[in-house]
Amino acid sequence: MKSGNLRHFLAGLLGLALLNVPASEARVYCCKDARGQQVCGDVLPASCADRSYRELNSQGATVKQVDAPMSDAQRARRDADAKKAREEEMVRQEQRRRDTTLLNTYTSEREIDAARDRRVADIEELLTRLREQQQTLSDRQQKLEADAARFTSTGKRVPSGVKDRLDTNAEDLRQIGANITAKERELADTRKRFEEDRARFREIAGNR
């Protein structure tokens with residue numbers, strides 16, 4: 001529809017609307033239909049239901065612009081973007097929290113190194129004790145297996161007491177091996193964390 005005709009149409013439509021609606025409340029809704037033609041009405045035309053449209057007042061001025069409803073793909077993309085933004089903000093908040101803790105805990109890189117050395121020493125001491133226990137259990141396991149072998153080598157049945165001690169010691173040996181592995185991993189993680197803290201402290205302290 002040409003702009004001149006549209007103005008006449010709107011004027012006529014608004015005039016009709018004003019017969020039954022106070023001027024302050026009169027509204028006309030316009031959009032472009034599937035063919036690109038301007039469609040208007042005093043109620044939202046059916047062809048505008050899934051399209052963006054304008055709301056005009058009695059003077060023909062746009063008072064509201066309404067976007068078209070989003071498609072399923074657009075909603076999914078919006079939700080994914082919103083989720084990503086929330087996750088990124090959570091990461092930033094966590095980094096700010098860690099930075100604050102770092103600055104409140106240490107005043108120099110030397111203090112970080114001292115804290116690292118203390119923590120590493122504690123873990124290494126515990127590892128030494130665990131390995132000593134592991135060796136004790138390993139020696140005991142060998143003795144118990146030798147005891148059991150004296151029975152099986154002569155075709156005798158291993159007494160239940162010997163078998164129970166074998167099973168219990170084997171489980172203790174397995175458990176202490178798992179503890180050693182966990183502590184070795186903790187030692188590596190501790191060294192890595194302190195190195196990261198040291199580098200981050202240098203960065204944020206230099207920017208203060």
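**Exercise 1. Describe how helix H3 and helix H4 pack in this predicted model.**

Solution. Start with the geometry: helix H3, residues 109–152, packs with helix H4, residues 160–206, at an angle of about 165°, and their axes are 9 Å apart. Next, turn the angle into an orientation: an angle over 145 degrees counts as roughly antiparallel, and H3 and H4 are therefore roughly antiparallel to each other. Then add the hand of the arrangement, for the crossing of H3 and H4 is left-handed. Finally, look at the composition of the contact between H3 and H4, whose residues divide into 19 nonpolar, eight polar and 19 charged.

**Exercise 2. Identify the residues of the largest nonpolar core and state which elements give two or more residues to this core.**

Solution. The core has eight residues, namely Val120, Ile123, Leu127, Leu130, Leu137, Ile176, Ile180 and Leu187. Passing from residues to elements, one finds that H3 and H4 are the elements that give two or more residues to this core. The largest share, five residues, comes from H3. As general background, nonpolar side chains tend to be buried together in soluble globular proteins.

**Exercise 3. Characterise the disulfides of the structure, and work out how the bonded cysteines pair in sequence order.**

Solution. The structure holds two disulfides, and it is convenient to take each in turn.

- Step 1, the link of Cys30 and Cys40. The disulfide joins Cys30 to Cys40 with an S to S distance of 2.0 Å, and with 115° about the S-S bond this link is right-handed. Cys30 lies in strand E1 (residues 28–32) and Cys40 in strand E2 (residues 38–41), so the pair ties together parts that are 10 residues apart in sequence.
- Step 2, the burial of that pair. Buried means under 20% relative accessible area; Cys30, with a relative accessible area of 1%, is therefore buried, and Cys40, at 13% relative accessibility, also counts as buried.
- Step 3, the link of Cys31 and Cys48. Here too a disulfide is found, joining Cys31 to Cys48 with an S to S distance of 2.0 Å, but with -85° about the S-S bond the link of Cys31 and Cys48 is left-handed. The pair links distant parts of the chain, since Cys31 is in strand E1 while Cys48 is in the loop between E2 and strand E3 (53–56), 17 residues apart.
- Step 4, the burial of the pair of Cys31 and Cys48. Cys31 counts as buried at 3% relative accessibility, and Cys48 is buried with a relative accessible area of 0%.
- Step 5, the pairing. When the bonded cysteines of the protein are numbered in sequence order, the pairing is 1-3, 2-4.

**Exercise 4. For Asp113, Pro159 and Ser58, decide whether each is buried or partly exposed, and give the place of each in the fold.**

Solution. Take Asp113 to begin with: the place of this residue is in helix H3, and its relative accessible area of 17% means that Asp113 is buried. Asp113 and Arg198 are 85 residues apart in sequence, yet their C-alpha atoms are 7.9 Å apart in space.

Pro159 has its place in the loop between H3 and H4. At 30% relative accessibility, Pro159 counts as partly exposed. The C-alpha atoms of Pro159 and Asp147, which are 12 residues apart along the chain, are separated by 9.9 Å.

Ser58 lies in the loop between E3 and strand E4 (62–66). With a relative accessible area of 19%, Ser58 is buried, the cut-off for this being under 20%. Ser58 and Arg27 are 31 residues apart in sequence and, C-alpha to C-alpha, 6.3 Å apart in space.

**Exercise 5. Set these local results within the whole protein by giving the count and order of the secondary structure elements and the buried percentage.**

Solution. The count comes to four helices and four strands. Read from the N terminus on, the elements of the protein run α-β-β-β-β-α-α-α. As for burial over the whole protein, 25% of the 208 residues count as buried.

Note on methods. Residues numbered from 1 in each chain as written. Predicted model: local features only at pLDDT ≥ 70, side-chain atom pairs only at ≥ 80, totals over all residues. Heavy atoms only, no water. Axes fitted to C-alpha atoms, helices over the stretch in contact; angles between N-to-C directions. Parallel < 35°, antiparallel > 145°, perpendicular 65-115°, else oblique. Left-handed = near helix turned anticlockwise from the far one by under 90°. Nonpolar A, V, L, I, M, F, W, Y, C, P; charged D, E, K, R; others polar. Disulfide = S-S within 2.5 Å. Buried < 20%, exposed > 50% of the residue type's maximum accessible area, 1.4 Å probe, protein only. Core = buried A, V, L, I, M, F, W, Y, C linked by side-chain atoms within 4.5 Å.
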